[in-house]
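Me: I'd like to learn how to read a few features of a protein model. Could you walk me through some with me?

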Number of protein chains: 2
Amino acid sequence: MSKKVTRRQFLKTAGAATAAGAAMTIGAPAIHASQKYLWKMVTTWPPNFPVMGEGAVMLAKWIETMSEGRLKIQVYGAGELVPALEVFNAVSSGTVEMGHGASYYWAGKSQAAQFFAAVPFGLNAQGMNAWLYAGGGQQLWDEVYAAFNLKPFAAGNTGVQMGGWFRKEIKSVADIKGLKMRIPGLGGKVITKLGGSSINVAGGEIYSNLERGVIDATEWVGPYHDYLMGFYKVAKFYYYPGWHEPGTVLESFVNKKAYEALPKDLQEIITTAMYRSNAWMLATFESKNNEYLYKLTHEHKVNLKSFPKDVLDAFKKASVEVISEITSKDPISKKVFDHFTAFSRKVDAWAKISEIPYYTSIM
Amino acid sequence: MSKKVTRRQFLKTAGAATAAGAAMTIGAPAIHASQKYLWKMVTTWPPNFPVMGEGAVMLAKWIETMSEGRLKIQVYGAGELVPALEVFNAVSSGTVEMGHGASYYWAGKSQAAQFFAAVPFGLNAQGMNAWLYAGGGQQLWDEVYAAFNLKPFAAGNTGVQMGGWFRKEIKSVADIKGLKMRIPGLGGKVITKLGGSSINVAGGEIYSNLERGVIDATEWVGPYHDYLMGFYKVAKFYYYPGWHEPGTVLESFVNKKAYEALPKDLQEIITTAMYRSNAWMLATFESKNNEYLYKLTHEHKVNLKSFPKDVLDAFKKASVEVISEITSKDPISKKVFDHFTAFSRKVDAWAKISEIPYYTSIM
């Protein structure tokens, strides 16, 4: 399937979506199974963004096919209908029915939201899915988002991210002091705490800022996305692991009233499509990352480096402090993080005799 | 949701399922969207078997809800309609429309089938999903099963299994000699190659055989299932890791003619429900295993042991030999295994800088 064509087809049909159509479906009372819905999904991703943007388009397509066209969702890239960081508001207010992003973008709305995306030194993809799908995490997420009239779903996962691209070698924690790094969220706060600066740079400007030395380092995603950005041409050192994002959950959310107004079959279709999207994205990341890691290391001779132990230890200590500062001030953040931590401890005990010795045995 | 009640409800409605109903749906030509299908799913699991059996019932329920009851699937435990090991034949021949099991049960039909379930020292759950969903594995699986008129889907994953319960400590590879162990499949062939015996014992008889010393050891699944079987009462040593099954794929398959006769929406509903089932089962295994590992180690003081390095090395060497014996004689097995191996190598290179340092950093 060509995602580009599919997206264009959707955009072409956008003319048929009226504001009245949206108003009709949100909060409508009695619904017949034959009723048609024309929804809009706004995303935080540039149009056709690899994996995330493609996945959002596929999600809409699966829902349309499963519902025989009764629920048709037009997908918009960031800025096509609303700017990336307005996605949450647009769905919360009911201007559009669906959004797609990552919950740490909404820390300004709710500090607790970010724990459903990524926690430094927290759970990896398998752990996040276990927590959300079978450990009580989803119920907490529902609670946090319900305050904004939203119903959230896990709709993807990046897997373990990379630590980022650095122009200079990081030999010890002293090298973080004065470091200007493009790293948002909790990871950025950690860098700041260690004497560096977390610089906010729009996606399209990172490359040139890194090339010109306006920033010394940047994190992005993993080998596939980082390769496409061309960072290997302007930064010599590629660090692992991505301690700040060990398995970032990508999300899609639905306006709660719009969701509740749907008949049961369409609700179940949406819910089930989200699981598929989550599994598809993680599998695609794993498959693409291994392919592009090979390109980076074999074709472009990229210098892979592990963060020194004292640096990782300092990152870990600072992460605990950064999170404590949030949870000590915000009861719902504390509730979410305490639950997350209790679940993580048991998962870690199990990983010690399952995933860890598995990996040791194959290496 | 009470799975037991749901299951009973299904069994109650079974009276409405006629043989004519099944014949009508298989190979039926023109299909209207409003047409109703009453299907049967036979499984290799005892009725209400935790996770696998529960998951099969939920899979049917999701499909029924998404299709507004147009595709209703009655789920049968092993022996309720056909014996466990007749599931493949029953669906292949079109006697029933769907099956649920694990592909290594069908090694007697096709040696290549087993590589889609578990390979000793092969891929874990994340790797298997990457291979099947985004690495070309599904296409090979389709090819292998098409010869039997079946369309296969990944419908679950156990995660890393445990190495098993042993009455005596395994101090070196010499202790495998003469060992009578209940371990089927490729793992069993490895034990035999090292001088032990792979004993076939039905699920219901393992406990008493282990208690009476008829067998010296048994593998089963992981902490949750192993706890329910009570093995900790009769075997002192619990070994890890489950080298023989590092991330077993559970499958569901559909009679190919029946699948192709469905309208597109119902095909997409089935496909999507399979992804959900896969994600739900793995998450549930991870969550339950960590919970029951805690019970085993804290309440029952179970003696967790890692296989000594020389034993794992011997298992690995013997695994390579066992697999070579299969692939050297069967071209389609060779094709599948070569593809699997090439994909594994790249995934392993990526794991070395992602999952492995992630796990190291949190421990």
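**Reading helices and buried side chains**

Reply: Happy to! Let's start with packing: what covers the buried residues of α7(A) includes β6 (180–182), β7 (197–198) and α12 (309–327) of chain A. Do keep in mind that this is a predicted model.

Me: Which residues of helix α7 of chain A are buried?

Reply: The general idea comes first: an α-helix has 3.6 residues a turn, so residues three or four places apart point the same way. In this case, helix α7 (residues 185–193) of chain A has A:Leu186, A:Gly187, A:Gly188, A:Val190 and A:Ile191 as its buried residues.

Me: And what phi does A:Gly195 take just after α7(A)?

Reply: A:Gly195 has a positive phi there, of about 95°.

Me: Let's try the other chain. Why does B:Phe340 count as buried?

Reply: Buried means under 20% relative accessible area. B:Phe340 counts as buried because its relative accessibility is 2%. You will find B:Phe340 in helix α13 (residues 331–351) of chain B.

Me: What is B:Phe340 in contact with, leaving aside its neighbours within four places in sequence?

Reply: Contact means heavy atoms within 4.5 Å. With those sequence neighbours set aside, B:Phe340 touches B:Val119, B:Gly122, B:Leu123, B:Met128 and B:Trp131.

Me: Now a charged side chain, please. Is A:Arg70 buried or exposed?

Reply: Apply that cut-off again: A:Arg70 counts as buried because its relative accessibility is 11%. A:Arg70 sits in the loop between α3 (52–66) and β2 (71–76) of chain A.

Me: Which side chain does the side chain of A:Arg70 make a polar contact with?

Reply: That partner is the side chain of A:Asp265, at 2.8 Å.

Technical notes: Residues are numbered from 1 along each chain as its sequence is written. Chains are lettered from A and ligands numbered from 1 in the order in which they are written. This is a predicted model: local features need pLDDT of at least 70, side-chain atom pairs count only at pLDDT 80 or more; totals for chains, interfaces and linings use all residues. Side-chain values use heavy atoms; hydrogens and water are left out. Buried means under 20% relative accessible area, exposed over 50%, partly exposed in between (1.4 Å probe, protein chains only). Helices (H or I, at least four residues) and strands (E, at least two) are DSSP runs, numbered from the N terminus. A polar contact is a pair of N or O atoms within 3.5 Å; within protein, one must be able to donate a hydrogen and the other to accept it, and residues adjacent in sequence count only if both atoms are side-chain atoms.
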